[in-house]
Amino acid sequence: MFPNSILGRPPFTPNHQQHNFFALSPTLYSHQQLIDAQFSFQNADLSRAVSLQQLTYGNVSPIQTSTSPLFRGRKRLSDEKNLPLDGKRQRFHSPHQEPTIVNHIVPLSGERRYSMPPLFHTHYVPDIVRCVPPFRELPILEPREITLPEAKDKLSQQILELFEACQQQVSDLKKKELCRAQLQREIQLLFPQSRLFLVGSSLNGFGTRSSDGDLCLVVKEEPVNQKTEARHILTLVHKHFCTRLCGYIERPQLIRAKVPIVKFRDKVSCVEFDLNVNNIVGIRNTFLLRTYAYLENRVRPLVLVIKKWASHHEINDASRGTLSSYSLVLMVLHYLQTLPEPILPSIQKIYPESFSPAIQLHLVHQAPCNVPPYLSKNESNLGDLLLGFLKYYATEFDWNSQMISVREAKAIPRPDGIEWRNKYICVEEPFDGTNTARAVHEKQKFDMIKDQFLKSWHRLKNKRDLNTILPLRVAVLQR
């Protein structure tokens with residue numbers, strides 16, 4: 001999907017920056033157009049689904065509703081028209097009463113679904129449907145591999161073994177990408193100029209085999225009102241999933257949170273997905289974190305073991321008032337930046353033009369290509385770095401007055417804004433400056449987090465055995 005993401009490997013070299021998967025159409029959707037889409041969605045005649053007529057979406061060019069190329073030369077299943085609906089969703093949303101505007105298109109079954117051409121084949125052009133022009137693919141060369149650090153002590157060896165057992169595999173990312181590509185085709189039946197991006201840990205280099213898939217639906221490059229526009233768009237997407245894809249998408253659920261999402265599970269890949277609308281900063285920080293992930297070969301193993309540790313001790317769940325994985329990653333990067341001999345710099349300071357919040361979305365993927373590997377004089381092994389991370393947040397960092405800033409590569413004073421008042425943990429989002437740890441709003445949860453840092457530091461310092469703070473057998477099984 002992304003030109004700079006050959007399945008979780010390092011970024012391309014600069015001479016392969018031409019690939020333009022991120023090209024967004026200049027057509028932007030107005031609020032009236034979104035209303036028009038809902039009106040069409042709710043009032044279309046099902047009989048037209050087979051008659052292959054054109055649909056006009058606001059003032060956008062007509063959508064060509066020809067038979068989907070997914071079904072070229074393939075008989076329809078006899079029971080396709082009677083796919084079961086999600087009973088729980090029916091009670092609240094009654095999707096069966098609101099037919100869609102387009103052909104009855106259902107993804108291929110699992111056996112056929114993954115028999116598509118290779119994701120990054122040099123001559124394969126993704127079949128972007130309807131009025132969206134196909135992307136022009138360029139030959140892609142394999143990027144260089146990053147050599148893992150040496151492990152000369154037991155603790156470092158345990159960290160490396162856990163990383164190699166649990167890191168996201170090529171096959172894992174292929175499954176997510178195939179699902180994303182097919183969902184994009186479906187969503188483009190509602191919003192022809194939209195793009196669906198895979199973001200988060202699946203693509204930033206810090207994913208595990210059990211990582212969920214995060215998807216960002218971009219309908220325009222400007223921000224959307226998350227309380228009104230985003231909910232409106234996701235309502236249409238949710239209805240489409242319930243009525244047309246219920247045989248292949250399991251448990252679609254619309255979550256009306258501060259940033260609303262549609263949660264669902266892909267039955268074929270068994271991957272859980274969260275889909276948001278126009279959370280553009282998530283695309284930007286995906287490539288920022290990806291750059292850090294491959295800047296130094298100790299970063300990814302250290303982040304993975306810390307995420308596993310935090311999850312094991314139940315302090316890695318923002319929905320329950322503890323730390324999100326994104327906040328944890330920023331905390332690790334910050335620690336590596338603040339060592340007496342830093343292992344990481346602030347790449348936003350060194351390469352401001354590549355990571356500017358104002359850079360156009362279709363150019364964001366090129367940023368990691370401009371950043372060479374960082375050569376640090378710090379030779380600490382993984383075991384020492386893990387111990388140092390726990391000690392830093394247990395005894396050195398001032399939670400009351402300081403804010404974690406990867407952008408500045410140091411701890412900075414807390415701002416006076418309302419978002420930062422009475423917050424127990426402050427972690428600056430590198431692009432929009434918000435607090436990524438705002439979910440930690442109860443003192444009890446904050447004390448639990450601090451206590452776990454302190455206890456784990458003492459245990460690991462005394463034994464230097466990872467099993468004292470993270471049972472390896474359990475961690476590998478849960479990978």
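Five bridges join strand β5 to strand β6 (residues 261-266), and the two run antiparallel. This pairing is a handy way into the structure, which is a predicted model. The chain gets from β5 to β6 through a hairpin of five residues. Across the pair, Ile249 has Asp266 in β6 as its bridge partner, while Glu250 stands opposite Arg265, also in β6.

On to the other neighbour of β6. Strands β6 and β7 pair in the antiparallel sense as well, this time over four bridges. Arg265 turns up again here, with Glu272 in β7 as its bridge partner. Between β6 and β7 there is another hairpin with five residues in it, and Cys270 in that turn has a positive phi of about 65°. As for how covered the strand is, five of the six residues of β6 are buried, so β6 is largely enclosed by the rest of the structure.

These strands belong to an open sheet of five, laid out in the order β3-β4-β7-β6-β5 with mixed pairing. The edges are taken by β3 (195-199) and β5 (249-255), each with a single partner strand, so one side of each has no neighbour in the sheet. From one strand to the next, the twist averages 25°. Helix α6 (residues 170-187) packs on this sheet and touches β3, β4 (213-218), β5, β6 and β7 (272-277). The direction of α6 makes about 160° with that of β3. Another helix, α9 (residues 280-293), lies across β3 and β4 and runs at about 45° to β3.

One residue of the sheet gets a closer look here: Asp274, which lies in strand β7. Asp274 has a relative accessible area of 18%, under the 20% cut-off, and is therefore buried. Leaving out residues up to four places away in sequence, Asp274 touches Gly213, Asp214 and Leu215, along with Ile261, Val262 and Lys263. There is also a link in space to Asp212: the two residues are 62 apart along the chain, yet their C-alpha atoms are separated by 7.7 Å.

Away from this sheet, there is a pair of helices to describe. The axes of α5 (residues 154-166) and α13 (residues 382-396) come within 7 Å and cross at roughly 90°. The two helices are therefore roughly perpendicular to each other. On the α5 side, the meeting residues are Leu155, Ser156, Ile159 and Leu160, and on the α13 side they are Leu382, Gly383 and Leu386. Sorted by character, the residues of this contact come out as five nonpolar, two polar and no charged.

The loop leading from α12 (347-350) to α13 contains Ser354. With 7% relative accessibility, Ser354 counts as buried. Beyond its neighbours within four places in sequence, Ser354 is in contact with Ile359, Ala367 and Asn370.

Later in the chain comes another strand pair. Strand β8 (residues 402-405) and strand β9 (residues 410-413) pair in the antiparallel sense over four bridges, with Met403 standing opposite Ile412 in β9. Four residues lie between the strands of this hairpin. Ala409 sits in the loop between β8 and β9, and its phi is near 60°, a positive value in a residue other than glycine. At 21% relative accessibility, Ala409 counts as partly exposed.

Glu314 shows a backbone angle of this kind too: its phi is near 60°, again positive in a residue other than glycine. Glu314 is in the loop between α10 (299-312) and α11 (325-337). With a relative accessible area of 61%, Glu314 is exposed.

Finally, some overall figures. The protein has 15 helices and nine strands. Buried residues make up 55% of its 479 residues. Of the contacts with a separation of 6 or more, 71% are between residues 24 or more positions apart. The accessible surface comes to about 21300 Å², and 50% of that belongs to carbon and sulfur atoms.

Notes: Residues numbered from 1 in each chain as written. Predicted model: local features only at pLDDT ≥ 70, side-chain atom pairs only at ≥ 80, totals over all residues. Heavy atoms only, no water. Axes fitted to C-alpha atoms, helices over the stretch in contact; angles between N-to-C directions. Parallel < 35°, antiparallel > 145°, perpendicular 65-115°, else oblique. Contact = heavy atoms within 4.5 Å. Nonpolar A, V, L, I, M, F, W, Y, C, P; charged D, E, K, R; others polar. Pairing = 2+ DSSP bridges. Buried < 20%, exposed > 50% of the residue type's maximum accessible area, 1.4 Å probe, protein only. Areas by Shrake-Rupley, 256 points an atom, 1.4 Å probe, with all protein chains shown as cover.
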